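Got the viewer open and ready? Let's take a short walk through this structure, one selection at a time.

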Amino acid sequence: MTEETPGFEEEPDVPSGATPEDATPKAAESDSAKESAPAAPAGDVSQDVALTAQLDQVRTALGERTADLQRLQAEYQNYRRRVERDRVTVKELAVAKLLTELLPVLDDIGRAREHDELVGGFKSVGESLETIVAKMGLQQFGKEGEPFDPTIHEALMHSYAPDVTEDTCVAILQPGYRFGERTIRPARVAVAEPQPGAQPKAADEQAKEEESGGPDEG
């Protein structure tokens with residue numbers, strides 16, 4: 001039997017001709033290999049940066065194209081509204097022109113009615129024409145007793161009256177007509193103005209009441 005010398009540990013077998021470093025335990029070699037594992041190649045990092053920059057460019061281009069489309073859509077909507085307004089305006093002008101040409105005929109119908117001459121077939125035709133132009137939007141205006149408005153009335157006669165407090169239409173010589181908000185002919189009227197120096201009836205009555213001590217009390 002071989003006796004073991006105390007104080008000496010058994011060394012691992014080392015192949016013949018190997019250096020002392022070759023005697024390092026394999027476990028140590030494994031741990032060292034793990035610790036010294038190489039980092040990611042620099043080429044991969046550069047590629048990621050390039051892809052990120054390219055993605056940012058695509059997003060910027062997409063935002064610009066989206067803004068262009070929104071601007072074009074807004075311009076198209078404005079164009080459609082302009083075309084619609086122009087179409088309505090042209091239609092209104094054409095209708096107003098047609099109705100203006102028919103006003104003398106309507107005046108003849110009105111005069112015939114005033115003289116009780118609107119009878120028989122002429123009455124039927126006249127009333128049909130008045131109905132048609134009314135459906136097209138023609139409106140007659142001008143009444144006796146309404147205040148004179150130079151924007152819609154044309155004064156052909158002037159007079160003075162003690163019983164008016166402002167310029168008043170006392171006679172309608174020719175009715176006015178409007179189409180929508182457009183006046184296609186003003187009403188031709190006789191206007192009465194307040195008598196110079198004369199007090200209106202209301203003022204006269206109030207003055208008389210003040211002189212008599214007020215109205216009688218029952």
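## Stop one: charged pairs along a helix

Select Asp68 and Arg71: their side chains form a salt bridge, with the closest N and O atoms 2.4 Å apart. What you have open is a predicted model, so keep that in mind as you go. Both residues sit in helix α2, and because they are 3 residues apart there, about one helical turn separates them. Are they buried or exposed? Asp68 counts as partly exposed, at 28% relative accessibility, and Arg71 is partly exposed too, with a relative accessible area of 45%.

Now move along to Glu84 and Arg87. Here is another salt bridge, and its closest N and O atoms are 2.5 Å apart. These two also belong to α2, and their spacing of 3 residues is about one turn of the helix. Glu84 has a relative accessible area of 38%, so it is partly exposed. Arg87 comes in at 48%, which means partly exposed again.

Next, pick Asp108 and Arg111. Their side chains meet in a salt bridge at 2.5 Å, N to O. Once more you are in α2, looking at residues 3 apart, about one turn of the helix. Asp108 is partly exposed at 42% relative accessibility, and Arg111 is partly exposed at 41%. How many salt bridges are there in the count? The count comes to 8, and you have just visited three of them, the pairs that start from Asp68, Glu84 and Asp108.

## Stop two: the loop after α2

Keep going and select Asp116. You'll find it in the loop between α2 (42-114) and α3 (120-135). Look at its backbone: phi is near 60°, a positive value in a residue other than glycine. Is Asp116 buried or exposed? It counts as exposed, because its relative accessibility is 66% and the cut-off for exposed is over 50%.

## Stop three: a hairpin

Select residues 176-179 and then 182-185. These are strands β4 and β5, which run antiparallel and are joined by 3 bridges. To see one pairing, click on Arg178: its bridge partner in β5 is Thr183. What do the two strands form together? They make a hairpin, with 2 residues between them. One to click on in the turn is Gly180, which has a positive phi of about 65°.

## Stop four: the nonpolar cores

Time to look inside. Select Leu99, Leu106, Leu138 and Ile184: in the largest nonpolar core, which has 14 residues, these touch the most other members. Which elements each supply at least two residues of this core? They are α2, α3 and β4. The largest share, 7 residues, comes from α2, the helix that also holds the Asp68 and Arg71 pair.

Zoom in on Leu106 and show what surrounds it. Setting aside its neighbours within four places in sequence, Leu106 is in contact with Leu129, Glu130, Val133, Leu138 and Tyr177. Leu138 is one you have already selected, as a core residue that is among those touching the most other members.

For the last selection, try Phe141, Ala187, Val189 and Val191. They are among the members of a second, separate core of 5 residues.

Definitions and conventions. Residues are numbered from 1 along each chain as its sequence is written. This is a predicted model: local features need pLDDT of at least 70, side-chain atom pairs count only at pLDDT 80 or more; totals for chains, interfaces and linings use all residues. Side-chain values use heavy atoms; hydrogens and water are left out. Helices (H or I, at least four residues) and strands (E, at least two) are DSSP runs, numbered from the N terminus. Buried means under 20% relative accessible area, exposed over 50%, partly exposed in between (1.4 Å probe, protein chains only). Two strands pair if DSSP finds at least two bridges between them. A salt bridge is a side-chain nitrogen of Lys or Arg within 4 Å of a carboxyl oxygen of Asp or Glu. A nonpolar core is a set of buried Ala, Val, Leu, Ile, Met, Phe, Trp, Tyr and Cys residues joined through side-chain atoms within 4.5 Å. Contact means heavy atoms within 4.5 Å.
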